[in-house]
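This report concerns a molecular structure and the ligand placed in it. Please have the sequence and the model in view while reading.

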Amino acid sequence: MRRRIVAGNWKMNKDHREGARLAQELLDGLEGGDPVCEVVLFPPYTALPAVTEILAGSAVRVGAQDLYFEERGAYTGEISATMLSALGVSFALAGHSERRHVFGENDETVARKLRAALGAGLEPILCVGELLEEREAGNASRVVETQVRTSLEGLSADEFSRVVVAYEPVWAIGTGRTATPDDAAQIHTVIRGILGSIFDAEASSLTPILYGGSVKPSNARELLDAENVDGLLVGGASLEAESFLSIIFPA
Ligand code: PEP
């Protein structure tokens, strides 16, 4: 059966004290509940140790928002996958749209980061998604296909089994504009087909494909019910325990 995952990307919000507080509030809110999904938090680097410590022994796992593909060396300002793994981090985002469009990462860089994450035993969440002008030109599927193929082609079956994909249309991230459940289902089904053509249908049927882009408590249920949507990657609405818990336990 396919895993279901709800992940919270805090972006550049929450210092280590605020992060520890939010992680504790989430743990308290999850107590006694029985979430049908795995929960993963993506704090900024500086909050990773505090959040990892608070969550130790719980089912909630921690991920990094980015990483560098080299293991060590003269790369001032960068953090490697092995450093993250040594901290007890389990996941890493690769290719979040803000990394691609604010910091100029391309598909090749993202592919290297994804491989570095796998090499260090992390589970990468490959983020893909089209710009508004690409969607309006009818190119959404093609853009996503290139992003998926460049990052995943050549992986072994074992490596692929640890990959999670997140479809995050760039026009829906932090804009308040959400893809409809039908929009999401259409691209998620395209992605599932691409995965099946690179690997095999059985392996690709097990890959969780998350939706991200202005997810909030009011739209979480309908998005989670859409075909081939196996979970959510949540930005703004993961910054308060109450709203994130309402997404983990959607009405
Ligand atoms: C994100 O950061 O991955 C994201 C989807 O942000 P938001 O939910 O704020 O659109």
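The sections below treat the ligand site and then one helix.

## Basis of the report

The model is predicted.

## Residues around the ligand

The ligand is surrounded by 14 residues. Lys-11, His-96, Glu-168, Gly-174 and Ser-214 are the closest of them. Sorted by class, this shell comprises eight polar, four nonpolar and two charged residues.

## Polar contacts and cover

Three of the side chains can be described by their distances to ligand oxygen atoms. For Lys-11, an N or O atom of the side chain is 2.8 Å from an oxygen atom of the ligand. His-96 has a polar side-chain atom 2.8 Å from a ligand oxygen atom, and a polar atom in the side chain of Glu-168 lies 2.7 Å from an oxygen atom of the ligand.

On its own, the ligand has 300 Å² of accessible area, of which the protein covers 96%.

## Helix α1

Helix α1 runs over residues 16–30 and contains 15 residues. At 1.5 Å a residue, the helix should span 21 Å; the C-alpha atoms at its ends are 21 Å apart, so the expected span and the model agree.

Which residues of α1 are buried? They are Gly-19, Ala-20, Leu-22, Ala-23, Leu-26, Leu-27 and Leu-30. Viewed down the axis of α1, these buried residues fall within an arc of 165° and therefore line one face of the helix. Arg-17 and Arg-21, on the other side of α1, are exposed.

Methods. Residues numbered from 1 in each chain as written. Predicted model: local features only at pLDDT ≥ 70, side-chain atom pairs only at ≥ 80, totals over all residues. Heavy atoms only, no water. Near = heavy atom within 4 Å. Polar contact = N/O pair within 3.5 Å; in protein donor to acceptor, adjacent residues only side chain to side chain. Areas by Shrake-Rupley, 256 points an atom, 1.4 Å probe, with all protein chains shown as cover. Nonpolar A, V, L, I, M, F, W, Y, C, P; charged D, E, K, R; others polar. Helix = DSSP H or I, 4+ residues; strand = E, 2+ residues; numbered from the N terminus. Expected span 1.5 Å × (residues − 1). Buried < 20%, exposed > 50% of the residue type's maximum accessible area, 1.4 Å probe, protein only. Arc of directions from axis to C-beta.
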